[in-house]
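Student: Could you take me through one part of this protein at close range? I would like to know what it packs against and how it is placed.

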Amino acid sequence: MAIIRGKAWVAKTYVMSFDMIIQKYWTSPIDPEENSKWVMAGVDEAFNKENGFKNMGYTFIVAGHNFAGGGKSIEHCVTGLIGAGIKAVFATSFARLQFRNAINYGMPFITSKDINLECETGDELAYNNETGEIKNLTNGKIFSSVPVAPFVAEVAASGGLMNFIRAKIADGSIANLH
Amino acid sequence: MAMTITEKIMAFNSGRDSVVPGQLVWVDVHSVMTMDYLGKQCFKAFESLGSKKLFDKERVICVSDHLVPPPTPEYATMLNEWREIVKSYDLPYFYDLGRQGIAHQLMVEQGHVLPGKISIGTDSHANTYGAVGAVGNAIGVTDAAIAMATGKCWFRVPESVKFHITGTWQPWVMAKDLSLHIMGMMHWNGHLIYKALEYCGPAIEALDIAGRMTLCNMTVDLGAKNGIIAPDAKTATYLNPVQKGNWEMINSDADAKYDAVYEVDVSNVGPTVSKPDKLDDTVPVEQLVGTKFNKAFVGTCTNGRTEDFAIMAKILEGKKIHRDVNMICIPASQQVYLECIQKGYFETLVKAGAAVETSSCGPCAGIHTGVAGDGDIVLSAGNRNMKGRMGSKNAQIYLTSPAVVAASAIKGEITDPRSENW
């Protein structure tokens, strides 16, 4: 069991992948450090400067419906958050393209009903990644979350899908994937 | 066990007799597409898995579409690095400038996607492949690299949602109008997240492959996992000269289970427009008649096909585009370009005052070939209209069909294409 504690940024409106990585940086190399410099630049004017989001020191993002929607499939959205120190995103629902990328990078995108309605930016949260419980230490509210699927947990434990596959190639079990 | 077409495809391509929604499967992919600005990273990630051997050279498809022709020295350099790495693998299917097109158009047009198979690509509109009865899915560099090495990709089998479309298409109403109508009905990325959208019914059977591509293309913008239309005789006729491999007819079982079934009578669907910033903020064209705009754009993986320019040419034949409107037309591939030249559509459009550009994603990606500036009001047949999509955040984008763009361009204000007998 691990409990992760930290400060949350709470989205007031719909967060689009298109704004998480603005067009200028779509062509950047996929690299957590590099992508974190401008991640979320289009989401809020306050983040629209180098390391603008990262320097805020958030550990969690809390959002409403369809986090990271709007259609982009680029992984920079997820690697940017990882590089910025985000340890988990809690939302009512996630857009599937970035949900998939998050799984592949072992980044917890955790579904939790209405959590966005009872958290404020700056609140201190504690996330128990075994029970799925999220506690808002600032206001005392407790939220449950949708359990992480076994495959998702396995990929995360491997350190991401690339490592998961490397291990399968190395031990010859890759052909058994079906 | 009764299954939907998407469930059957997930089962049969993962060595199973059946699957159920929610199940995790590793499927064999038929083809993997990547393109200019992510492609090099796909190859590098692939190489980091420890092998230089692709799962099948004929089924890794490389395309230059977002950055061609390069608008900046940085993009030109990026393209050169991309070419170098593709050439090092000696791939038979590299659609580079001169033989280019938008990836999703080429994947279907050149027969790289087949009914009953699964194809993936590193761009969100890979859903387009469902037009010929394939499961088409957008993935990131990680998934592409793993598929390039192993020929496999993981999927969670999605729940299916059926859209049964009946009735008769009104004149000048296109697949795009139905797509935007459903967008307004279901809301942008609403409760269709993760779902397989299946379009069927007599009004879908009546659609040509171009229209089916438009419909399936925009299912990603509904939040869906894939959009699919079962193959039929039209699919076979379309694919026969180009298909790279064999395939069999496949369809959903009559008693397959759906998460929801929606009925739409297309006779009641008129030309439809999505208002700026929000794709699901759609209205019948009548509500916007008279709205002025200064830029018009038809192209993209959504509406840059020969059939789209044909309907525009029909409307613009012998007419002039309004002096206050700059129109850009971009064919979705070199083949589309050539067909439109040979059939005289581009002659008509050029005579009417449209600029025709070489095939690329163009301003839809906000990168080049006519991006929008401050204060621009764009009437576009593209697929997304959030702030800044085509360039400036201070531009407005109305999305609609090529027919509405053509009719409106003559007056310089949004016009119902049914208002005249063109």
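Tutor: Happy to, and what follows is a close look at one helix and its surroundings. Please keep in mind that this is a predicted model.

Let's take helix α8 of chain B, residues 209-217. This helix is mostly covered, with eight of its nine residues buried. The buried residues are B:A210, B:G211, B:R212, B:M213, B:T214, B:L215, B:C216 and B:N217. What do they pack against? Their neighbours in chain B are the helices α4 (103-109), α6, α10 (300-303) and α11 (306-316), together with the strands β9 (196-200) and β10 (226-228).

Of these neighbours, let's follow α6 of chain B, which spans residues 175-186. Two packed helices are described by the angle between their axes and the distance between the axes. Here the axes of α6(B) and α8(B) come within 8 Å and cross at roughly 20°. Angles under 35 degrees count as roughly parallel, and α6(B) and α8(B) are therefore roughly parallel to each other. Their crossing is right-handed.

Now for the residues that meet. On the α6(B) side they are B:A175, B:K176, B:L178 and B:S179, and on the α8(B) side they are B:G211, B:T214 and B:L215. By character, the residues of this contact divide into three nonpolar, three polar and one charged. The spacing along a helix is worth recalling as you look at them: an α-helix has 3.6 residues a turn, so residues three or four places apart point the same way. B:G211, B:T214 and B:L215, which make the α8(B) side of the contact, are also among the buried residues of that helix.

Methods:
Residues numbered from 1 in each chain as written. Chains lettered and ligands numbered in written order. Predicted model: local features only at pLDDT ≥ 70, side-chain atom pairs only at ≥ 80, totals over all residues. Axes fitted to C-alpha atoms, helices over the stretch in contact; angles between N-to-C directions. Helix = DSSP H or I, 4+ residues; strand = E, 2+ residues; numbered from the N terminus. Parallel < 35°, antiparallel > 145°, perpendicular 65-115°, else oblique. Left-handed = near helix turned anticlockwise from the far one by under 90°. Contact = placed C-beta atoms within 7 Å. Nonpolar A, V, L, I, M, F, W, Y, C, P; charged D, E, K, R; others polar. Buried ≥ 20, exposed ≤ 12 C-beta atoms within 10 Å, placed from the backbone.
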